Amino acid sequence: MAVADTAVLIARQPAPRQQRRGSFRAFAWQGLFLCALALFAWFIIANASDNLAARNMNFGFAFLSQRTGFDIPFHIVPWSTADSYGRALWVCLLNTLLAAAIGIVLGSLLGFLLGVMRLSANWLARSLSLAIIEIVRNTPQLLQIIFWYVVMIQALPPPRNGLALPGGMILSVRGLNMPSMEMGAAGLWPFLLLVATLCLVPVFRGLRRRHRAFGWAAPLLPALALVLVLLSIDHLDYPTLRGFNYVGGVVVPPELIALVAGLSLYMSAFVAEIVRASLQGIARGQREAASSLGLSGAQALFLVILPQALRVMIPQLTNQYLNLTKSTSLGAAIAYPELVQIYAGTVLNQTGRALETMFLVMIIFLGINLAISGFMAWYNAHVAIMER
């Protein structure tokens, strides 16, 4: 019987000549597809060149070195009206990355919390999570951002009557005023911090192996890095009211608050469903095994269930992170100075370089999203189960 089965399998295998024909056919179709793409790209470029020539225009990026003459109200790096359009591109890029990074972190944390609440045995927590998710994900994202900006932020009191928050923070209609950290020996502490971090890497790796072997967490490196940062702080510069506004500290503009609130809350609704489905996809026997070992509900979740569910979440979370990054362009609706609001608006109107400005915005968003995709793909491969 085994000899007959082997003969049947050998008979079913394609001949070498048939394999070569199949490979040639596949390469031929791929070559035709690439030729079609090349022709389409040539048509687009030729059409754009003809239209520019008809309007006595040329394609180039020499305008990036020209003086802007306009102000960007919120900027992380220094900015003045005498800076160039290239400098404005860098400032807007940092503003976009800041909104995307904060939104991704807050959206992930809030989404995880809502997802765990969806599986809670408490009826109130489960129902509240379901209501938040259904309301948020079934209303337009732009409408939510405008709601946070107009209804919530603009309804705050003026600076003189600002809301005092813990830690010396003040929330008013002009944004969130926070204390700023003034570092002592600014030229020495970054070097010491870098040396200490590099020295602690082997220790952290050893504790990580111990964590895998014995099952207890060892976040020593982040904790020590935080301690070093705190030790490097000379003093805190608290915001103080002078006249009609606060001076000192760091000011988070209301546009950034509204944009981050809208983006993170909207993404959290989808992340919550991803977390819920991934946790429910883990076999019930895993929970029973954790309970038989005497682990509490939180220990079972973080040590047994969540590490397995994380492998299912990562590809879906990547899509949400990419969507949030692209949705930062909605900040133009509330005048947040990000790429689309400044470059596709102010710069385009001043220079008339519509093709160049839109090309730059598209390439930058493409690069950011490819970087996020690459990092998440690396992390997905890092946490994947290695088969022998």
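**Salt bridges and cores in a predicted chain**

Modeller: Arg118, Glu273 and Arg276 are linked in a network of salt bridges. The model is predicted, so local features need pLDDT of at least 70 and side-chain atom pairs count only at pLDDT 80 or more, while totals for chains, interfaces and linings use all residues. Residues are numbered from 1 along each chain as its sequence is written, and side-chain values use heavy atoms, without hydrogens and water.

Colleague: What makes the pair glutamate 273 and arginine 118 a salt bridge?

Modeller: A salt bridge needs a side-chain nitrogen of Lys or Arg within 4 Å of a carboxyl oxygen of Asp or Glu. For glutamate 273 and arginine 118 the N to O distance is 3.4 Å, so the pair meets the definition. Glutamate 273 lies in helix H8 and arginine 118 in helix H3, 155 residues apart. Helices here are DSSP runs (H or I, at least four residues; strands are E, at least two), numbered from the N terminus.

Colleague: Why is glutamate 273 called buried?

Modeller: Buried means under 20% relative accessible area, exposed over 50%, and partly exposed in between (1.4 Å probe, protein chains only). Glutamate 273 has 14%, so it is buried. Arginine 118, at 16%, also counts as buried.

Colleague: How do you know that arginine 276 and glutamate 273 are about one helical turn apart?

Modeller: They are three residues apart in helix H8, and therefore separated by about one helical turn. Their side chains meet in a salt bridge at 3.0 Å, N to O. Arginine 276 has 19% relative accessibility and counts as buried.

Colleague: Why is arginine 353 called partly exposed?

Modeller: Its relative accessible area is 22%, which falls between the 20% and 50% limits, so the label fits. Its salt-bridge partner is glutamate 356, at 3.0 Å, N to O. Glutamate 356 is buried, with 3%.

Colleague: What makes a set of residues a nonpolar core?

Modeller: The members are buried Ala, Val, Leu, Ile, Met, Phe, Trp, Tyr and Cys residues joined through side-chain atoms within 4.5 Å. The largest such core has 61 residues, of which Phe70, Leu279, Met313 and Tyr343 touch the most other members. Helix H10 supplies the largest share, 12 residues.

Colleague: How do you know which element has the lowest confidence?

Modeller: By mean pLDDT, the predictor's confidence in each residue, from 0 to 100. Helix H1 (residues 2-12) has the lowest mean, 52, and H3 the highest, 93. Where pLDDT is low, the predicted coordinates should not be read in detail.
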